[in-house]
Amino acid sequence: MTLGLGITIFMFVFTYLPQAAVMAFTSGPLAAITAGLLVLSESSTLFTILSKTFLIDDALVDTFDGVLLSKNTTDLVSEGRQVKAGGDPIAKLGKLVKSPLAKFTPKAIIRYVMYLPLNFIPVVGTVIFVLLQGKKTGPVAHTRYFQLKGWNKDQQEKHIEQYRGAYTGFGVAAVLLELVPLASIFFAFTNTVGAALWAVDMERQHITEEGTAPRLREQAKKAE
């Protein structure tokens with residue numbers, strides 16, 4: 001809370017007026033509002049990077065794995081960490097076997113900075129900015145899922161392309177929810193829970209498809 005408030009105050013004090021001045025040429029009377037939204041977005045991104053990297057990253061991984069365990073996907077979780085006996089999903093979480101992958105890379109930060117000028121375009125630019133951010137944020141929410149599945153880059157891209165629309169929609173919602181720095185930690189956890197529940201649905205769908213395919217082939221052979 002203190003970190004988020006400090007970052008937000010700092011960004012408004014030192015970056016709001018310069019950005020509002022620039023946007024006055026492109027957004028006219030909407031410059032004050034557009035600049036405020038842009039500063040909130042920048043504050044949120046900075047806060048999210050710092051908090052997820054140094055404060056809550058392990059807690060988010062535990063939350064994701066705990067949700068999977070609560071939905072009886074123990075085999076999947078055991079691919080990435082030791083699972084203890086017991087009834088409480090969180091208490092069953094043991095030592096990590098596969099360390100969580102980095103969620104924020106220099107490439108992601110550079111891409112975010114490149115997208116920022118879109119906000120100088122009134123309304124439409126901000127919408128495009130959020131959509132582009134959402135398109136990248138959606139798949140990132142399943143970084144842990146891909147790791148537990150043991151998928152390589154090609155397998156991940158194939159899966160993401162199959163669910164491209166859904167991932168973009170999830171990402172846009174996540175970006176919007178985490179726009180306010182003071183609430184972004186809370187929404188980071190709710191987004192993680194949502195991503196884990198979605199992963200459970202995907203996993204059950206994969207199991208169903210893998211179980212159905214052999215039966216279909218067997219029925220086809222009998223029909224011949």
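In the predicted model, a salt bridge joins the side chains of Glu203 and Lys149, with 3.2 Å from N to O. Glu203 belongs to helix H10 (residues 181-223) and Lys149 to helix H7, so this salt bridge ties together parts that lie 54 residues apart in sequence. The two partners differ in their surroundings. Glu203 has a relative accessibility of 12%, and therefore counts as buried because the limit for buried is under 20%. Lys149 has a relative accessible area of 24% and is partly exposed.

A search of the whole structure gives five salt bridges. One of them pairs Asp65 with Arg144, whose closest N and O atoms are 2.9 Å apart. This pair links distant parts of the chain. Asp65 sits in helix H3, Arg144 sits in helix H7 (residues 143-149), and 79 residues separate them. Asp65 and Arg144 are both buried. The same two residues also take part in a network of salt bridges, together with Asp62 and Arg81. A further salt bridge brings together the side chains of Glu161 and Arg164, at 3.5 Å from N to O. Arg164 is partly exposed, with a relative accessible area of 26%.

Aromatic rings were examined next. The whole structure contains eight aromatic pairs. Among them is the pair of Tyr145 and Trp151, which is edge-to-face. Its ring centres are 5.9 Å apart, and the angle between the planes is 70°. That angle counts as edge-to-face because the cut-off is over 60 degrees. Tyr145 is buried, with a relative accessible area of 0%. Trp151 has a relative accessible area of 19% and is buried too. The limit for buried is under 20%, so a value of 19% still falls within the class. Ring pairs also bring in Phe146, giving a cluster of Tyr145, Phe146 and Trp151.

The overall fold was then described. The secondary structure of the chain consists of ten helices and two strands. Along the sequence, the order of these elements is α-α-α-α-β-β-α-α-α-α-α-α. The chain has 224 residues, of which 39% are buried. Among contacts in the chain with a separation of 6 or more, 67% are between residues 24 or more positions apart.

Helix packing was considered at the start of the chain. Two packed helices are described by the angle between their axes and the distance between the axes. Helix H1 (residues 2-27) packs against helix H2 (residues 31-54) at an angle of about 145°. The axes of H1 and H2 are 7 Å apart. The crossing of H1 and H2 is right-handed. By class, the residues in the contact of H1 with H2 are 17 nonpolar, eight polar and one charged.

Backbone geometry singled out one residue for comment. Most residues other than glycine have a negative phi. Asn72 is not a glycine, yet it has a positive phi of about 60°. Asn72 lies in a loop, between helix H3 (57-70) and helix H4 (74-77). The relative accessibility of Asn72 is 70%, so this residue counts as exposed.

A last example concerns Thr168, which is found in helix H9 (residues 164-177). Thr168 is buried, with a relative accessible area of 18%. When residues up to four places away in sequence are not counted, Thr168 touches Leu131, Gly134 and Lys135. The C-alpha atoms of Thr168 and Lys136 are 7.4 Å apart in space, while the two residues are 32 positions apart in sequence.

Methods:
Residues are numbered from 1 along each chain as its sequence is written. This is a predicted model: local features need pLDDT of at least 70, side-chain atom pairs count only at pLDDT 80 or more; totals for chains, interfaces and linings use all residues. Side-chain values use heavy atoms; hydrogens and water are left out. Axes are lines fitted to C-alpha atoms, for helices over the stretch in contact, and angles run from 0 to 180 degrees between N-to-C directions. Helices (H or I, at least four residues) and strands (E, at least two) are DSSP runs, numbered from the N terminus. A crossing is left-handed if the near helix is turned anticlockwise from the far one by less than a right angle, and right-handed if clockwise. Ala, Val, Leu, Ile, Met, Phe, Trp, Tyr, Cys and Pro count as nonpolar, Asp, Glu, Lys and Arg as charged, and the others, Gly among them, as polar. Buried means under 20% relative accessible area, exposed over 50%, partly exposed in between (1.4 Å probe, protein chains only). A salt bridge is a side-chain nitrogen of Lys or Arg within 4 Å of a carboxyl oxygen of Asp or Glu. Rings of Phe, Tyr and Trp (its six-membered ring) pair if their centres lie within 6.5 Å; planes under 30 degrees apart count as stacked, over 60 as edge-to-face and the rest as tilted. Contact means heavy atoms within 4.5 Å.
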